[in-house]
Amino acid sequence: TDKMTTGLTFNNDITIKYYDAEGNEVTELTGVTTNTTATTNYTFKIDFSNVNLANVAKIKITYSATINENAVDDNTSQSNEAKLSFGNNSNTTSSTKTITTYEALFTKVSDKGVKLTGAKFRLYDALTGGNEIKVVKVREGVYRVATAKEIEDNKAVEIEAGDVVIKGLALTNYYLEETTAPEGFTKLAA
């Protein structure tokens with residue numbers, strides 16, 4: 001079983017591979033049941049009890065989840081707990097992964113240190129040729145990374161200058177592109 005917190009959206013992309021004692025992949029086995037209807041006990045459950053695992057030495061289960069809007073603005077850590085019960089369910093082992101997001105803060109100021117408003121920005125994951133990181137406005141001066149559904153529904157916005165916080169970021173480098181300059185100023189060339 002796997003239990004995800006509300007800050008994670010299961011991508012419903014489970015793949016299962018089987019290997020023999022020599023590490024060779026075994027043909028997919030029949031009898032595996034997968035329940036992806038979330039309950040209070042699990043997000044999904046895979047059951048091997050009706051499978052003949054006599055020639056199987058290793059099972060590799062792969063799946064993913066996407067951090068959603070609930071992970072970045074409620075000040076609680078998000079986690080994913082996977083549990084494995086075996087030997088007629090008398091033995092159980094579990095593993096928990098804590099999910100951490102980061103935020104970036106910035107203020108646009110003039111060369112004299114005066115805070116400027118009216119500028120608009122887009123966020124990218126690389127200085128040149130990067131992918132735009134779409135954001136939505138949470139409240140005045142606070143943005144977060146947009147979900148796929150929000151992007152699809154055209155809810156993503158440009159970032160308006162002032163005292164700005166962008167939440168839901170991974171720990172890496174980001175770049176801002178000024179798309180609109182404040183009144184009376186020239187747009188940044190780079």
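The following dialogue examines the sheets and pockets of a predicted model.

Residues are numbered from 1 along each chain as its sequence is written. Local features need pLDDT of at least 70, side-chain atom pairs count only at pLDDT 80 or more, totals for chains, interfaces and linings use all residues, and side-chain values use heavy atoms, with hydrogens and water left out.

Student: In what order do the strands of the three-stranded open sheet stand?

Tutor: Strands are DSSP runs (E, at least two residues), numbered from the N terminus, and two of them pair if DSSP finds at least two bridges between them. The pairing in this open sheet is antiparallel. β1 (2–4) and β10 (91–99) are at the edges with a single partner strand each, so one side of each lacks a neighbour in the sheet. The order is therefore β1-β9-β10.

Student: Which residue in β9 stands opposite Asp2?

Tutor: β1 and β9 (residues 78–86) run antiparallel and are joined by three bridges. Opposite Asp2 in β9 stands Ala82.

Student: Which strands stand at the edges of the sheet β11-β17-β15-β14?

Tutor: This open sheet of four strands has mixed pairing. One side of each edge strand is left without a neighbour in the sheet, because each has a single partner strand. The edge strands are β11 (102–107) and β14 (135–139).

Student: What is the bridge partner of Arg144 in β17?

Tutor: β15 (residues 142–145) and β17 (residues 163–169) pair in the parallel sense over three bridges. In β17, Arg144 has as its bridge partner Lys167.

Student: Which strand gives the most to the lining of the largest pocket?

Tutor: On a 1 Å grid over the protein atoms alone, a pocket is an open set of points where a 1.4 Å probe fits, with protein on both sides within 12 Å along at least five of seven lines; lining residues have an atom within 4 Å of a point. The largest pocket holds about 840 Å³, the space filled by probe spheres set on points joined across faces, edges and corners. Of its 25 lining residues, the closest to the centre are Thr1, Ile46, Lys83, Leu84 and Ser85. With six residues, the strand that gives the most is β9.

Student: What is the volume of the second largest pocket?

Tutor: Among the 17 residues that line the second largest pocket, Thr66, Ile67, Asn68, Val145 and Ala146 are the closest to its centre. Elements giving two or more residues to this lining include β8 (65–67), β15 and β17. The volume of the second largest pocket is about 320 Å³.
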